[in-house]
Amino acid sequence: MEYDEDKAIAFIRNYVGDDVSNLYSDDEIVYILDIIWDYYERKGYLSLNSSVTDKEVLDENDLIAYVKKELKNDKTILMDPQDVDKIVKAELEYEESLEDA
């Protein structure tokens, strides 16, 4: 299956539960998704000539730290750091679900 932003948002909202989901708009979640994809691009994961293989594992902690740093630098969106963890992990689960489909 192909990545679908609307489906990703719905998946994330379901994954994190109402207590977190209700705190953030779709635009705020999309902003997190954009930061994640920026991370992938910076790490070379999106390059056609990428040396990253399926056997290599994404450093989830590094990704979460990157997202938190970018949010802190931007200062336009205030999110609880624990919520950022949950949203990033939910997005990674969404990506995994695409591979399983």
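Helix 3 and helix 4 cross each other in a right-handed way. That crossing is a good place to start with this predicted model.

Helix 3 covers residues 26-43 and helix 4 covers residues 60-74. Their axes sit 10 Å apart, and the two helices pack at an angle of about 120 degrees. Angles from 65 to 115 degrees would count as roughly perpendicular and those over 145 as roughly antiparallel, so this pair ends up oblique.

Who actually makes the contact between the two? Here's the list, split by helix.

| Helix | Residues in the contact |
|---|---|
| Helix 3 | Tyr31, Ile32, Ile35, Ile36, Asp38, Tyr39, Tyr40, Arg42 and Lys43 |
| Helix 4 | Asp62, Leu63, Tyr66, Val67, Glu70, Leu71 and Asp74 |

Sorted by class, ten of these residues are nonpolar and six are charged, with no polar ones in the contact. Tyr counts as nonpolar here, so Tyr31, Tyr39 and Tyr40 of helix 3 and Tyr66 of helix 4 go in with the nonpolar group. The charged residues include Arg42 and Lys43 on helix 3 and Glu70 on helix 4.

Now for the chain as a whole. How many helices and strands does the protein chain have? It has five helices and zero strands, so to speak an α-α-α-α-α run from the N terminus on.

Of the 101 residues in the protein chain, 33% are buried. The chain exposes about 6,800 Å², and carbon and sulfur atoms supply 45% of that area. As for reach along the sequence, take the contacts between residues at least 6 apart: 69% of them join residues at least 24 apart.

Definitions and conventions:
Residues are numbered from 1 along each chain as its sequence is written. This is a predicted model: local features need pLDDT of at least 70, side-chain atom pairs count only at pLDDT 80 or more; totals for chains, interfaces and linings use all residues. Side-chain values use heavy atoms; hydrogens and water are left out. Axes are lines fitted to C-alpha atoms, for helices over the stretch in contact, and angles run from 0 to 180 degrees between N-to-C directions. Helices (H or I, at least four residues) and strands (E, at least two) are DSSP runs, numbered from the N terminus. Angles under 35 degrees count as roughly parallel, over 145 as roughly antiparallel, 65 to 115 as roughly perpendicular and the rest as oblique. A crossing is left-handed if the near helix is turned anticlockwise from the far one by less than a right angle, and right-handed if clockwise. Contact means heavy atoms within 4.5 Å. Buried means under 20% relative accessible area, exposed over 50%, partly exposed in between (1.4 Å probe, protein chains only). Accessible areas come from the Shrake-Rupley method with a 1.4 Å probe; for residues, only the protein chains shown count as cover.
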